[in-house]
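Trainee: I have a new model open on my screen and would like to learn how to read it. Could we go through it together?

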Amino acid sequence: MITLTEKAAQHVRGYLAKRGKGVGLRLGVRTSGCSGLAYKLEFADVVNAEDHQFESHGVKVLVDPKSLQYIDGTELDYTREGLNEGFKFRNPRVKDECGCGESFNV
């Protein structure tokens, strides 16, 4: 299961409204970085037949089957720290992260 905090859900709903289209948020992983995996995050316009679908605070979250094994149980938050803001992943499966926080392994 993938969940969003209320702040993350508000941000996604606002962005989808501004875009004027979209069915939700697509979350996945790709091979990258010094630790092996990196998160992929994009706004989805369609639901693919193989997608796993989760709903959190009124936002649909879509995950492909291959990615789910690495991110199942993740909570996605939207944070602001000083001048920086963005999504923060709380993934209980992460064993190690690179120093820059761009990649992880499980």
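Mentor: Gladly! Keep in mind that this is a predicted model, and let's begin with helix 1.

Trainee: How far does helix 1 reach from its first C-alpha to its last?

Mentor: Helix 1 covers residues 6-19, which makes 14 residues. At 1.5 Å a residue the expected span is 20 Å, and the model comes close to that. From first C-alpha to last, helix 1 reaches 20 Å.

Trainee: Which residues of helix 1 are buried, and how wide an arc do they cover around the axis?

Mentor: The buried ones are A8, A9, V12 and L16. They sit on the same side of helix 1, because the arc they cover around the axis is only 95°.

Trainee: Then which exposed residues are carried by the face turned away from that buried side?

Mentor: Exposed here means a relative accessible area over 50%. On the face of helix 1 turned away from its buried side, the residues that qualify are A17 and K18.

Trainee: What is the phi of the residue that follows helix 1?

Mentor: The residue after helix 1 is G20. Its phi is positive, near 85°.

Trainee: Which residue other than glycine has a positive phi, near 50°?

Mentor: Most residues other than glycine have a negative phi. Look in the loop between strand 4 (52-56) and strand 5 (59-63). The residue there is partly exposed, with a relative accessible area of 42%. The one with phi near 50° is H57.

Trainee: Now the sheet with strand 1: in what order do its three strands run?

Mentor: This sheet is open, with mixed pairing. Its edge strands are strand 1 (3-4) and strand 7 (84-90), each pairing on one side only. Strand 1 pairs with strand 6 (residues 75-81) in the parallel sense over two bridges. The order is 1-6-7.

Trainee: At what angle does helix 1 run to strand 6?

Mentor: Helix 1 lies across strand 1, strand 6 and strand 7. Its angle to strand 6 is about 85°.

Trainee: Which element gives the largest share of the largest nonpolar core?

Mentor: That core has 18 residues, and I2, L4, L27, F54, V61, V63 and I71 have the most contacts inside it. Elements giving two or more residues are helix 1, strand 2 (24-32), strand 5, helix 2 (65-71) and strand 6. The largest share is four residues, and it comes from helix 1.

Trainee: Is F54 buried or exposed?

Mentor: F54 lies in strand 4. Leaving aside neighbours within four places in sequence, its contacts include M1, I2, V61 and L68. M1 is 53 residues away in sequence, yet 6.7 Å away in space, C-alpha to C-alpha. With a relative accessible area of 16%, and the cut-off at under 20%, F54 is buried.

Trainee: And L27: what is its bridge partner in strand 5?

Mentor: Strand 2 is joined to strand 3 (residues 36-44) by nine bridges, running antiparallel. Strand 2 is also joined to strand 5, by three bridges, and that pair runs parallel. Leaving aside neighbours within four places in sequence, L27 is in contact with residues including I2, V61 and I71. In strand 5, the bridge partner of L27 is V63.

Note on methods
Residues numbered from 1 in each chain as written. Predicted model: local features only at pLDDT ≥ 70, side-chain atom pairs only at ≥ 80, totals over all residues. Heavy atoms only, no water. Expected span 1.5 Å × (residues − 1). Buried < 20%, exposed > 50% of the residue type's maximum accessible area, 1.4 Å probe, protein only. Arc of directions from axis to C-beta. Contact = heavy atoms within 4.5 Å. Pairing = 2+ DSSP bridges. Axes fitted to C-alpha atoms, helices over the stretch in contact; angles between N-to-C directions. Core = buried A, V, L, I, M, F, W, Y, C linked by side-chain atoms within 4.5 Å.
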